[in-house]
Amino acid sequence: MRALTWKGKHEIALKHVHDPQILNPSDAIVKVTTTAICGSDLHLYNGYIPTMRKGDIMGHETMGEVVEVGSMVQNIKVGDKIVIPFDIGCGGCLHCHDEEYSACDNSNPNFMIPEKLYGSSGAGIFGYSHMYGGYAGGQAEFIRVPYVDTNSLVIPPGIDDEKVLFLSDIFPTGYMAALNCDIKPGDTVAVWGCGPVGLMSIKSAFLLGAERVIAIDHFPARLKLAADCGAEAINFENEDEMLEKIKYLTGGRGPDSCIDAVGMEAHGHTVLNTIDTVKQKIKLTTDRPDALRYAIQSCRKGGNISVPGVYGGVLDKFPFGAAFAKALTFKMGQTHTQKYMPELLDLVLEEKIDPSFVISHRLRLEDGPEAYNQFNVNKDEFIKVIMKLQ
Amino acid sequence: MTFHLENQYRGESFKAPPITVPDKEIGHYHSANILKSPQFVYEFLQNPENLKAALKNLPEDIENYLDLELIRANASDADEYDVTWENVEDNPISGAITFHCQRAPENRGTILLAQASFSNFSSSDDDPSELIRFFIKRLKALMETGVIATTQGQPSGREELKITH
């Protein structure tokens, strides 16, 4: 089969590789129909996530048709069209039982790496480094899905892939980010980053009853999409005193909740972000957390900080004193995707939301290497790339 | 494998007994929370096929160095269980691994406490404690899911595949 593979920093290659096979009796093999490049794939592309190996197959936003199932599989059958969550739950541990799938105990065969780095290991993730299990990803013609009974959402016939593909990651991720804000009537939510996850967070915040959403970014096309979603858009590059502006817009209090949908590669020209950028380049720090700093500084007293953006290591100049003084609540983490997929599918089927509004480019798998490059350097135009295989 | 999976076990509300850390001299010790009943874990650990399955493909071919025989299986009235496996006498590695199973706090399944003491357990630089931890994690995975997560045998771009047209 053909697959997009990681060759090194800023290098993705289309290669012919062996087809996947059933390795455990709870596996399934899926013929991929549509896959996407996620913003968090760029952390791999830019070399900021450790434990990638040359030749790793990329991709964690995938759907397709089941072509083979193992002998233990009970709920999924050949011919089913499924969306595959990006994180892999075993379905049998305490965390999966409590619907904390991204904290699964059993799905990461390389659990020793995150145990050393983080104290314990979360779930394996498709195509997201050996620290997260080293699973082959879905930017390929076929993918093996472990524990497929847990890691699949069957899609009714006749539904366009584009409407449901993002149930694999960005829609549940934006939704969980908004849920983590504990939104109450009248609330204002501020969202840093108007990429696909930020846009899904904006949509979800309104779905969950937010009165207002303030969206912060510096790419005009992304800010326009945020405004189209109903948010009040702020281009931080045009604002000398962004914190003051956000405070003014919220009656002097600050947003009730702040979502950091940026993560470890924040942009901007603040002194701290400039220092972060230099230190990150020479590997003296792992993350550029400037969006998170702003979120903490902006948030109202007693408010919520929700972090769907990916972080990898230890954060410099993290204003924990401000968080403590303002009694902020933090919620974060990889999404428990499987928990939210069914209810979000219902919203799509009821036409309450069409997540395909984020798609900017519909390409082929062979366009993948250049699509990664463009997605990385031309974020204003390349907002969301999907690749169709049929 | 001869075991069969039971439904996920949450049991009823329960205040668990305290856990004390063993003396360092005892060897290596690890614990795991298993979402199965103590009785299930107890029966599972007495089956040599299950232990073999957990040892398979461990680093340094541990399976080749261990030839375990069951020497003790004990159930108490307090829903606590002990299982001890010992390497056979003529094996160059001597030692034993003891499992203690007790109900987890509230309704969270079973706490499995494992203590192992082996001489010459590893001929390489591998940390025997890490290998025991691998073993316990694999036993937990087998009990909770029936399989051990793996990526061995999956495709990657590291293989050169010749395409003929």
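## Contacts along chain B

Two residues count as in contact if their C-beta atoms, placed from the backbone, lie within 7 Å. The model is predicted. In chain B, 63% of the contacts with a separation of 6 or more join residues 24 or more positions apart.

Chain B has 165 residues, and 34% of them are buried. Its secondary structure comprises four helices and five strands. Along the sequence these run β-α-α-α-β-β-β-β-α.

## A helix pair in chain B

General terms come first. Two packed helices are described by the angle between their axes and the distance between the axes.

In chain B, the pair is helix 2 (residues 48–55) and helix 4. Their axes come within 8 Å and cross at roughly 120°. The angle is over the 115 degrees that ends the roughly perpendicular range and is not over 145, so helix 2 of chain B is oblique to helix 4 of chain B. The crossing of helix 2 and helix 4 of chain B is right-handed.

Which residues of the two helices make the contact? Helix 2 of chain B supplies Asn50(B), Ala53(B), Ala54(B) and Leu55(B). Helix 4 of chain B supplies Phe135(B), Arg138(B), Leu139(B) and Leu142(B). By class, the residues of this contact are six nonpolar, one polar and one charged.

## The nonpolar core

In soluble globular proteins, nonpolar side chains tend to be buried together. Here the largest nonpolar core has 154 residues. The residues with the most contacts inside this core are Val30(A), Val83(A), Val191(A), Ala215(A) and Ala226(A). Yet the element that gives the most to the core is in chain B: helix 4 (residues 128–145), with nine residues.

Take Ala215(A) and leave aside its neighbours within four places in sequence. Its contacts then include Val191(A) and Ala226(A), both also listed among the core residues with the most contacts. Ala215(A) is further in contact with Cys194(A), Gly198(A), Ile202(A) and Leu223(A). A run from Ala231(A) through Glu232(A) and Ala233(A) to Ile234(A) completes the set for Ala215(A).

## Where chain A meets chain B

How many residues of each chain are in contact with the other? Chain A contributes 40 residues and chain B contributes 25. On the side of chain A that touches chain B, strand 1 (2–8), strand 2 (11–16) and helix 2 (94–97) of chain A each supply at least two residues. The largest share, three residues, comes from strand 2 of chain A.

The residues on that side of chain A divide into 18 nonpolar, 16 polar and six charged.

Key: Residues numbered from 1 in each chain as written. Chains lettered and ligands numbered in written order. Predicted model: local features only at pLDDT ≥ 70, side-chain atom pairs only at ≥ 80, totals over all residues. Nonpolar A, V, L, I, M, F, W, Y, C, P; charged D, E, K, R; others polar. Core = buried A, V, L, I, M, F, W, Y, C linked by C-beta atoms within 7 Å. Buried ≥ 20, exposed ≤ 12 C-beta atoms within 10 Å, placed from the backbone. Axes fitted to C-alpha atoms, helices over the stretch in contact; angles between N-to-C directions. Parallel < 35°, antiparallel > 145°, perpendicular 65-115°, else oblique. Left-handed = near helix turned anticlockwise from the far one by under 90°.
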